[in-house]
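Reader: Please pick a single part of this structure and take me through it closely, in one connected account. I would like to see how that part is placed within the whole, and where its contacts lead.

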Amino acid sequence: MPEDRRGLRFLLDAGAEIAPEDSPNATVAARATELSLRGCHFKLASPFPVETRVLVKIFHDGQYFEAKGTVVHVTPASGMGVAFREIKPHCKNSLQKWILSALHNHNTEEKEAAAW
């Protein structure tokens, strides 16, 4: 569970689609690999440039999440970090459920490790 300057991030492995806001049909497939209440890290071979405004869709555990975001970090040929700017109201529940689930899984793993 890496920690950044803006809060905790939780590991995730979920399918995602990302498109530039000004070209919503130019969707690119990606993997969401870290998640927080403020943003997500995506693995993809051709990340968008920093400051690109994007539309994000994440699919995990039979649920769907959608938000507008801005690319804030890029690792060339590897991935990018996106800060959420605007989360669809009905999607906030999915985000919260995924984070609570990740927190629960993390706490369970810590308890099991401590038992050894």
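Author: A residue is called buried here when its relative accessible area is under 20%, and exposed when it is over 50%. By that rule, buried residues make up 39% of the 116 residues in the chain, which is a predicted model. The part chosen for the close look is the hairpin of β7 and β8, with the aromatic residues F65 and F84 that lie in these strands.

The setting comes before the detail. The secondary structure amounts to 1 helix and 8 strands, and from the N terminus the elements follow one another as β-β-β-β-β-β-β-β-α. Of these strands, 6 close into a barrel, with antiparallel pairing, in the order β3-β4-β5-β8-β7-β6, and from one strand to the next the twist averages 45°. As for the range of the contacts in the chain, 50% of those with a separation of 6 or more are made by residues 24 or more positions apart.

In the barrel order, β8 stands between β5 and β7. On the β7 side the pairing is antiparallel and runs over 8 bridges, with H73 opposite G81 and K68 opposite E86. With β5, the pairing of β8 is likewise antiparallel and extends over 5 bridges, and there K43 has G79 of β8 as its bridge partner. Of the 9 residues of β8, 7 are buried, so this strand is largely enclosed by the rest of the structure.

The turn of the hairpin shows another character. It has 3 residues between β7 and β8, and A77, which is found in that loop, has a phi near 60°, a positive value in a residue other than glycine. Because its relative accessible area is 66%, A77 counts as exposed.

From the turn, the account moves to the aromatic residues of the hairpin. There are 3 aromatic pairs in the count, and one of them is formed by F65 and F84, whose rings are 5.1 Å apart from centre to centre, with 55° between the planes, a tilted arrangement. Since F65 belongs to β7 and F84 to β8, this pair ties together parts that lie 19 residues apart in sequence. F65 and F84 are buried, and together with W98 they form one aromatic cluster. Beyond its neighbours within four places in sequence, F65 is in contact with V56, K57, I58, F84, I87, C91, L95 and W98.

These aromatic residues also belong to a wider set. The largest nonpolar core has 27 residues, and F65 and F84 are among those that touch the most other members, along with L35, F42 and I58. The elements that give two or more residues to this core are β3 (10–20), β4 (28–35), β5 (39–43), β6 (53–60), β7 (63–75), β8 (79–87) and α1 (92–115). It is β3 that gives the most, with 5 residues.

W98, already met in the aromatic cluster, leads on to β6, since H60 is in contact with L12, D13, A14 and W98 when neighbours within four places in sequence are left aside. H60 lies in strand β6 and counts as buried because its relative accessibility is 17%. Its side chain is joined to that of D61 by a polar contact of 3.4 Å. D61 itself is placed in the loop between β6 and β7, where its phi is near 50°, a positive value in a residue other than glycine. With a relative accessibility of 59%, D61 counts as exposed, whereas H60, at 17%, is buried.

Finally, G15 shows how β3, the strand in which it lies, meets other parts of the chain. Not counting residues up to four places away in sequence, G15 touches A30, R31, K57, I58 and F59; of these, K57 and I58 are also among the contacts of F65. G15 and A29 are 14 residues apart in sequence, while their C-alpha atoms are 7.6 Å apart in space.

Technical notes:
Residues are numbered from 1 along each chain as its sequence is written. This is a predicted model: local features need pLDDT of at least 70, side-chain atom pairs count only at pLDDT 80 or more; totals for chains, interfaces and linings use all residues. Side-chain values use heavy atoms; hydrogens and water are left out. A nonpolar core is a set of buried Ala, Val, Leu, Ile, Met, Phe, Trp, Tyr and Cys residues joined through side-chain atoms within 4.5 Å. Buried means under 20% relative accessible area, exposed over 50%, partly exposed in between (1.4 Å probe, protein chains only). Helices (H or I, at least four residues) and strands (E, at least two) are DSSP runs, numbered from the N terminus. Contact means heavy atoms within 4.5 Å. Rings of Phe, Tyr and Trp (its six-membered ring) pair if their centres lie within 6.5 Å; planes under 30 degrees apart count as stacked, over 60 as edge-to-face and the rest as tilted. Two strands pair if DSSP finds at least two bridges between them. Axes are lines fitted to C-alpha atoms, for helices over the stretch in contact, and angles run from 0 to 180 degrees between N-to-C directions. A polar contact is a pair of N or O atoms within 3.5 Å; within protein, one must be able to donate a hydrogen and the other to accept it, and residues adjacent in sequence count only if both atoms are side-chain atoms.
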